[in-house]
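Colleague: I'm new to this one, so could you walk me through it? Let's pull it up and start with the sheet.

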Amino acid sequence: MGAKIIALLGSPLLSGNTAKLLDEAIRGAGDAGCDVEKIEVTTLKFRACREIFYCREQEACAMKDDMTGMYEKFRDFDGIIVASPVMTMGIPGRLKSFMDRFQVYFMAKYMRGKPLVPEEKRKHRIGLYLGISGMNVPYVFDGAKLTVQAFFHIIDVKYWDDLLIRDMDTIQDLSTRPELLGEAYRKGKEMGRILQETVT
Ligand SMILES: Cc1cc2nc3c(=O)[nH]c(=O)nc-3n(C[C@H](O)[C@H](O)[C@H](O)COP(=O)(O)O)c2cc1C
């Protein structure tokens, strides 16, 4: 069995440019021998965190929906790829709500000092962030990157690398830029290679 990778798609477009980029990274990680599970955040049924704070004392969330199964799944992986377009200078609201619901992990780790991720997994978990923006300004990923970094901290993942593609308003279709898709494949494969060496 290969190293386990979760590939999280934050765009509502399941075949859009972000999805194309993610699919290439998935293909790379698969070619490195990893088992990759893709999660399309916008197809999940869940609500935003309501600050009930049940998770202050319990290893669970009071809200029962599609996030319930995610908490178990997220203990177990070795690597994560988050792919997202920039929206309003951050990440899409749905993906942000998904991340906010990991308050369950935050409370366990920072408030009770009992991380939900097992010690042996915490040592090697790495994450790759694939970002796409319409605009071509240097600071366009600042907000999104801070959010992804915070999410990685909360779920015990080291920020390993990123691929940030600006100017999609000009590029329009990523299929016209095979070198960028190739870079996503390469990063996915390299991440997979590192994890395969560590885990197997
Ligand atoms: C609601 C919305 C808000 C957006 N906000 C920004 C923004 O603040 N900055 C930016 O550079 N691009 C912004 N964009 C452009 C997207 O990042 C860009 O179109 C991206 O390629 C979409 O990727 P997708 O087709 O995979 O979803 C926005 C797009 C949408 C739909």
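Colleague: In what order do the 5 strands of the open sheet run?

Modeller: Keep in mind that this is a predicted model. The pairing in the sheet is parallel, and the twist averages 15 degrees from one strand to the next. Strand E2 (35-40) and strand E5 (158-165) are the edge strands, each pairing on one side only. Going across, the order is E2-E1-E3-E4-E5.

Colleague: Over how many bridges do E4 and E5 pair?

Modeller: Strand E4 covers residues 126-132. Leu130 sits opposite Leu163 in E5, and Gly131 is opposite Leu164 in E5. The two strands pair in the parallel sense, and the count of bridges is 7.

Colleague: Which hand does the β-α-β unit of E4, H6 and E5 have?

Modeller: Helix H6 takes up residues 142-154 and lies across strand E3 (79-85), E4 and E5. H6 runs at about 160 degrees to E4. Together, E4, H6 and E5 make a unit that is right-handed.

Colleague: How many helices and strands does the protein have?

Modeller: You can read the pattern along the sequence as β-α-β-α-β-α-α-α-β-α-β-α-α. Put as totals, that's 8 helices and 5 strands.

Colleague: And what radius of gyration does the protein have?

Modeller: The C-alpha atoms fill a box of roughly 50 × 40 × 30 Å along the principal axes. Buried residues make up 40% of the 200 residues. A compact globule with 200 residues would come out near 16 Å, and the protein agrees with that, so the value you want is 16 Å.

Notes
Residues numbered from 1 in each chain as written. Predicted model: local features only at pLDDT ≥ 70, side-chain atom pairs only at ≥ 80, totals over all residues. Pairing = 2+ DSSP bridges. Helix = DSSP H or I, 4+ residues; strand = E, 2+ residues; numbered from the N terminus. Axes fitted to C-alpha atoms, helices over the stretch in contact; angles between N-to-C directions. Contact = placed C-beta atoms within 7 Å. Right-handed = clockwise from strand over helix to strand, strands pointing away. Rg over C-alpha atoms; globule rule 2.2 N^0.38 Å. Buried ≥ 20, exposed ≤ 12 C-beta atoms within 10 Å, placed from the backbone.
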